[in-house]
Amino acid sequence: MDTAATPHANYLTDGYGLKSWLLTKDHKRIGLLYLISVSAFFVLGAVFAGLIRLELMTPAGDLVESDVYNKIFTMHGVIMVFFFLIPAIPAVLGNFLVPLMIGAKDLAFPRLNLLSWYVYTIGGVFTLWALVNGGVDTGWTFYTPYSSAFSNSNVALVVVGIFINGFSSILTGLNFIVTIHKMRAPGMTWFRLPLFIWAHYATALIMVLGTPVIAITLVMVAAERLLHFGIFDPTLGGDPVLFQHLFWFYSHPAVYIMILPAMGVMSELVAAFSRKRIFGYEVVAFSSLAIAVVGFLVWGHHMFVSSQSVYAAMAFSLLSFLVAIPSAIKVFNWSATLFKGSISFDSPMVYVFGFIGLFLIGGLTGLFLAALAVDVHVHDTYFVVAHFHYIMVGGTIMMYLGGLHYWWPKIFGKLYHEGLARVSAVVIFIGFNLTFFPQFIVGYLGMPRRYHAYPPEFQLWNILSSAGAVMLAVGYAMPTFYLLYSLVKGKPAPANPWGAKGLEWETPSPPPTHNFDTTPVVTEPPYNYAK
Amino acid sequence: MAGAHATQHPKLQHHFDNLDQQFEASALGMWLFLVTEILFFGGLFLAYLVYRIAYPEAFAEASHELDVVLGGVNTAVLIGSSLTMAMAVWSAQLGKRSGQMLFLALTIGLGLVFLGIKAVEYSHKFEHGLVPGPNFRFESARNPVPAQLFFSLYFVMTGIHALHMIVGIGIMTVLFVMAFKGRFTRAYHTPVEVSGLYWHFVDIVWIFLFPLLYLIDRHGPVGH
Amino acid sequence: MAPQVDALYFFLVALTAFFTLLISGFVVYFAIKYRRRAADETGVPIHGNLKLEITWTVIPLIIVLFIFGWSARLFYTMARPPAGTLDVYVVGKQWMWKFQHPDGHAEVNELHVPVGTSVKLTMTSQDVIHDLYVPDFRVKADVLPGRYTHLWFKATKPGRYRLFCAEYCGTNHSGMVGWVVVLERAEYQKWLAGGAGTGTMAQTGEKLFKDLSCVTCHKEDTTGRGPTLIGLYGKAVTLDNGNAVEADEAYLRESIVNPRAKMVSGFQPIMPTFQGLVSEEGLLQLIEYIKSLKAVPSNATGAAAPPAAAAAAATPGKK
């Protein structure tokens, strides 16, 4: 069909009313709905993080009561894990890009996609309701019997909120899998898929297989708490450690829900800013699947000191070491991609360099925790806190921001201030290290996590960490301003500002409502820069 | 853009190329959903397994408080409903409106019978104080604490199964209305097919629940 | 064990530093060397290299297997208390640590132990999950309600060492802290001599045994309605379902709070539950009393002095 004659309507201009957004079935608009909601939750979670760092500047618990402090770190964890990190990349960037990258007009189930955003929002409302109602103090892990029989806070509300939110994750994962299987454009074979898609496919598998388990586990906690059905409470014959098994059976793979999409973004950015096919494409693709599969078999490493049998601990330790291998392979392949590339230092690439440094440290410190004898010492200390922030913040958020910068011109059709963007990436990198590196040290020295007050000998490290948090806050505030500013005053973006490969760059910026004016036909391998 | 699909089947959504692709996507989506359901129930089955291994006698003893006859009748009812569901799908594939309506109605009816019997069983448990919680009393039990655990799992498992039945009956009711309006033809009957998958799944869950909950230690010549 | 854990820890630190610097070095080098020089420049099309892929799969694999072996071996030793330990019983509750020594000394948030002696803690919780953590000894173990967990250490230097609760347990979690006080042998003996008063744990347990009328059914001979407890500890017990269990601390505890869970063959299920009637400390005292009921009648008086203290005095520990 001929579209050259008609003026170009893009998805942003296709309807302006509130209804055209709240009832949209367009994956791109739904991606933006998610962008707004996860950003709001991120700001809220970050405020709680700031309060934590403020309290920990002095050893005495003098800023807030311990009860309040416990609610603060619980809300920080709950919001960041369930309402920011898990949906961040898949539901925002994935939603926007999966159909574009495979040459489809939409996800397979547009209505389910919209439903998943509503489900997410309703889950969020329950959680915020709990917050307004006085908060919850169990930690984001909801360990029984504290959560089911002892805590006096709004456990049930939050548990219901996370239960509901889980279905949003399930629906998104289901939608991605079906879309990637059934909606690829002609010629888009499995090994022509961008690695972003492979990573999202692996992520979606975990969402579909893992999330139902946390859902039913939370149902059991709620049944015990509200109806006094004995399931985990030892005084009712239950086993509190069974909860931990069920919880981590989801929550460890959930870590891969958070990091795999970031790895997918990483692959796209490295390829685009080296103008080169990813080194060992197939290996990188399969390593995502390997992580998804082996990631389901390592949950017991969260329980090395939970009275687990020595032999079970050894099996989980070995598997945890093995799951490190595919991540290592990815890092090697990304680094090798730079070899003989044409490397630019555009802002998304600055995030890439930051990611490599932080993910290396985050990944390698994972070995400490897989190593049984060392884990016994650093388990439940700030060492663990530092480790998972290096992965979740240093890995996932770096790539969330890197991806947002990379695709921003595509999403909104506007260019942002490049210089500020590079500066913000550097500020975030330095601020992050200053915040979390001291936590490795104070963890090794023995400071337990979730402590409202702590012995004075740990204060130096905590002050450094709090100072870093200030810098990190500045780093995160910067993109908020210049990105929003670009929406108003930014120069219009061309269809392919980076000279990148991929179907999403072959359609105008912003894309038309149905993505492509004519269904693309794929005739070449991915990242085919050299012609 | 709509012009591009001007000649296509009215049920074809804009983002699919053809009805086959649309059907395959829906079917794959339902199968994936059922996988999530397996893992959802899987958590309960795991908890059941752990506690049954820990307290085999108490579980057997508590299991004998359940009514095998009612449970058995319900099993037969559900298997029957799977048959009528399969017939409804078959009628849809042939585009037979009356067959669709008849078999969907039968499926709904059998589903309601199942829920009715379940309600009777639940009320017996309430009367006998076998609902876990502060009012739980099971005087004849040798070991009431784990027996209560059994009833916790019984109510959660069968309760969630019953919820799935209620959702299923809701879906069947919608399908019935659609069938009444003549929406399903030889060319297009995806909703009946994928809803059928769901119904059979819920049926299969019960096929596991029944022996696990009702039939502990009822085998063999010794019996109780 | 602390030096051995640290050796592995610092090996891992070195490994992390090495790989971080190595890969970052390559990245920086490539980034500078192959920086884009013309706007339309593209990279050299390299698809991959199987030999390289195998190399960087196998080398990390060997490294992690090596670390696994090292850490698992160390963990195995850490998980197994040596014979002849000095036993201390721990009850965690929101938000304090209670320690009972077999000789009857009880302390709160402070644990006195002699230097160079292997100390074994048998721990349980009265409410939620806690975790006893002594960073300087590199030991940590969850303390669970309804079961006993163990932890052991051997302090090598006298001093005061911090003790934390490392599993979040509610409002005052960060206040559930204390000290392990490691004393020279002589000072420890002096500390032991200072007012304990109420008798050994076994004696307290015996008193409880009488007060709760356990003695009416569990007699010294086989005439009671319940099985005799003389010489029971550590033996295999045949249950009415034909299985056998070892009468360890966990079994004794279960048999008091939930007597009908595992019935001894040949007895009626008539014992009521003592759940809620005996505190966790009381249960430990009862168990200590049952442990003291040795089969040989001449030996049957009390738990006697902690055997470990005597054993440890002979060999100054080096760990």
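**A tour of chain C and its neighbours**

Begin by selecting chain C of this predicted model; its secondary structure comprises seven helices and twelve strands. With the chain shown as a C-alpha trace, consider its overall form: the radius of gyration is 27 Å, well over the 20 Å that the globule rule gives for 319 residues, so chain C is more spread out than a compact globule. Aligned along the principal axes, the C-alpha atoms of chain C fill a box of roughly 95 × 50 × 40 Å.

Next, colour chain C by burial. Buried residues account for 39% of its 319 residues. Of the contacts in chain C with a separation of 6 or more, 65% are between residues 24 or more positions apart.

Now display chain A together with chain C. Here 69 residues of chain C are in contact with 74 residues of chain A. On the chain C side, select helix H1 (2-33), helix H2 (50-79), strand S6 (130-134), strand S7 (139-143) and strand S9 (159-165), the elements that each give two or more residues to the contact. H2(C) supplies the largest share of this side, with 16 residues. By residue class, the chain C side divides into 40 nonpolar, 17 polar and twelve charged residues.

Finally, hide chain C and bring up chain B beside chain A. This contact takes 34 residues from chain A and 31 residues from chain B. On chain A, select helix H6 (155-182), helix H7 (195-227) and helix H8 (240-274), which each give two or more residues to the side touching chain B. The largest share of that side, ten residues, belongs to H7(A). Colouring the chain A side by class shows 23 nonpolar, seven polar and four charged residues.

How values were computed:
Residues are numbered from 1 along each chain as its sequence is written. Chains are lettered from A and ligands numbered from 1 in the order in which they are written. This is a predicted model: local features need pLDDT of at least 70, side-chain atom pairs count only at pLDDT 80 or more; totals for chains, interfaces and linings use all residues. Two residues are in contact if their C-beta atoms, placed from the backbone, lie within 7 Å. Helices (H or I, at least four residues) and strands (E, at least two) are DSSP runs, numbered from the N terminus. Ala, Val, Leu, Ile, Met, Phe, Trp, Tyr, Cys and Pro count as nonpolar, Asp, Glu, Lys and Arg as charged, and the others, Gly among them, as polar. The radius of gyration is taken over C-alpha atoms; the globule rule is 2.2 Å times the number of residues to the power 0.38. A residue is buried if 20 or more other C-beta atoms lie within 10 Å of its own, exposed if 12 or fewer, and partly exposed in between; C-beta atoms are placed from the backbone.
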